[in-house]
Structures are given as C-alpha cells and as structure tokens.
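This report looks at the surroundings of one acidic residue and at the cysteines of the chain. Please keep the sequence and the structure at hand while reading.

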Amino acid sequence: MLSFLYPMRTFIIVAGTIERPNPMTADWVTPLSFSPPLAGVAIGKTRYTRKLVEEQKEFVIAVPTVELLKDVWIAGTTSGARENKAEKMSVTFIPSQKVSAPSIKECAANIECKVVKEVETGDHIFFVGEIVNVTYGDAFKNREPDVKNFKFLMHAKSGAYFTYQSDEIIKP
C-alpha cells in the first residue's frame, strides 16, 4: 500500500558522534512546522539509528544529490550495529554546530535537529525534531533548492531504484 507514495526524496539521517557516525538512508522525512521549525523522520524500531536517536535526542538530516548514490546505498543497506558504515563510505563527516551528531560535508545541506517528541507508529518511531541549525552550499542559494543545476536524489520505489528530478519547472 505504501508503494503508492513513491517516488520520495531520499535523505541520510546521521546519529552517533564525530568519532563514530552512524548514517541511515531515509525516505520517510517530512516538514512539520514553520514556527517553531520542525521536521520529522520515521525510523524502524529494529534499526540501530533509532536506538542512537532515542539516546542522544538529536539527529542530522543530510540532503544528498545523485552523485552520492553509492554512499546512500551503503548507509541504507549496512547495519551500524554490526559494522562501522563510515569506514565504507567515501563522504567526510564533520562536526555539526548545534548537535553532537555529525554532518556530511559533501551533502547539499545538513539540517540539525533536537528531538522534541517521539511517537510510536506501528513498526516505526516517528521522531519530531526542532531544527536548531542548517548549513548548506550552492545547491541552496538564497535558501531555495537549485533544481536546474543539482540532482536531488529520490527513491523511485522499494529496493535499488533511484531517480532525480528533471530541470523542468511546471507552474499551474
């Protein structure tokens, strides 16, 4: 039933510390409020990232582009409980400014969040995070996504199927 919601933007949720970052691929990420600025992410109850976010009460939403697809795949198919994903990935983890979970230098943006609410939703926990800081590069000039020059990653359907938006902007 949920397959009808795809394609969806794909993000990397980062928990852990700069010494031991734990990135996880996530499609179920959504904005929730302008004031206060809130974003939410649903993380499976069995995921190691869920445990880290519950303990730390913070996370980073990193915004990858299609150039990071191999790293996105590693983050989504490797268990951080069993191995150090960061050692397998080619990205650079850097300290965040307001949370202890690291950011990813090569991502188009890093959205630092502090957990303000946790909601059990079946087999997932929905974490509501207050956005406390955002860092971004050229893909977000003037705080707007540059969809003509940057290929933001989308999960086309369950499994190894990804795509990115075209540069065509359609207005009603």
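The sections below describe a predicted model, taking the acidic residue before the cysteines.

## Setting of E112

E112 belongs to strand β9, which spans residues 109-121. Although E112 is buried, it has no salt bridge, and the nearest side chain of opposite charge, that of K98, is 7.5 Å away. Because a salt bridge requires a side-chain nitrogen of Lys or Arg within 4 Å of a carboxyl oxygen of Asp or Glu, the K98 side chain at 7.5 Å does not provide one for E112.

## Polar and other contacts of E112

The side chain of E112 does have backbone nitrogens within reach: a polar atom of this side chain lies 3.0 Å from the backbone nitrogen of Q97, and the backbone nitrogen of V99 is reached at 3.4 Å.

When neighbours within four places in sequence are set aside, the residues in contact with E112 include S96, Q97, K98 and V99, together with F59, V60 and S103. E130, I131, V132 and N133 are also among the contacts of E112.

## Cysteines without a disulfide

How many disulfides does the model contain? The count comes to zero. A disulfide is a covalent bond between the sulfur atoms of two cysteines, and the cut-off applied here is 2.5 Å between those atoms. The sulfur of C107 has its closest cysteine sulfur in C113, 14 Å away, which is too far for a bond.

Both residues are nevertheless buried: C107 has a relative accessibility of 9%, and C113 has a relative accessible area of 0%.

Terms used
Residues are numbered from 1 along each chain as its sequence is written. This is a predicted model: local features need pLDDT of at least 70, side-chain atom pairs count only at pLDDT 80 or more; totals for chains, interfaces and linings use all residues. Side-chain values use heavy atoms; hydrogens and water are left out. Helices (H or I, at least four residues) and strands (E, at least two) are DSSP runs, numbered from the N terminus. Buried means under 20% relative accessible area, exposed over 50%, partly exposed in between (1.4 Å probe, protein chains only). Lys and Arg count as positive and Asp and Glu as negative; His and the chain ends are not counted. A polar contact is a pair of N or O atoms within 3.5 Å; within protein, one must be able to donate a hydrogen and the other to accept it, and residues adjacent in sequence count only if both atoms are side-chain atoms. Contact means heavy atoms within 4.5 Å.
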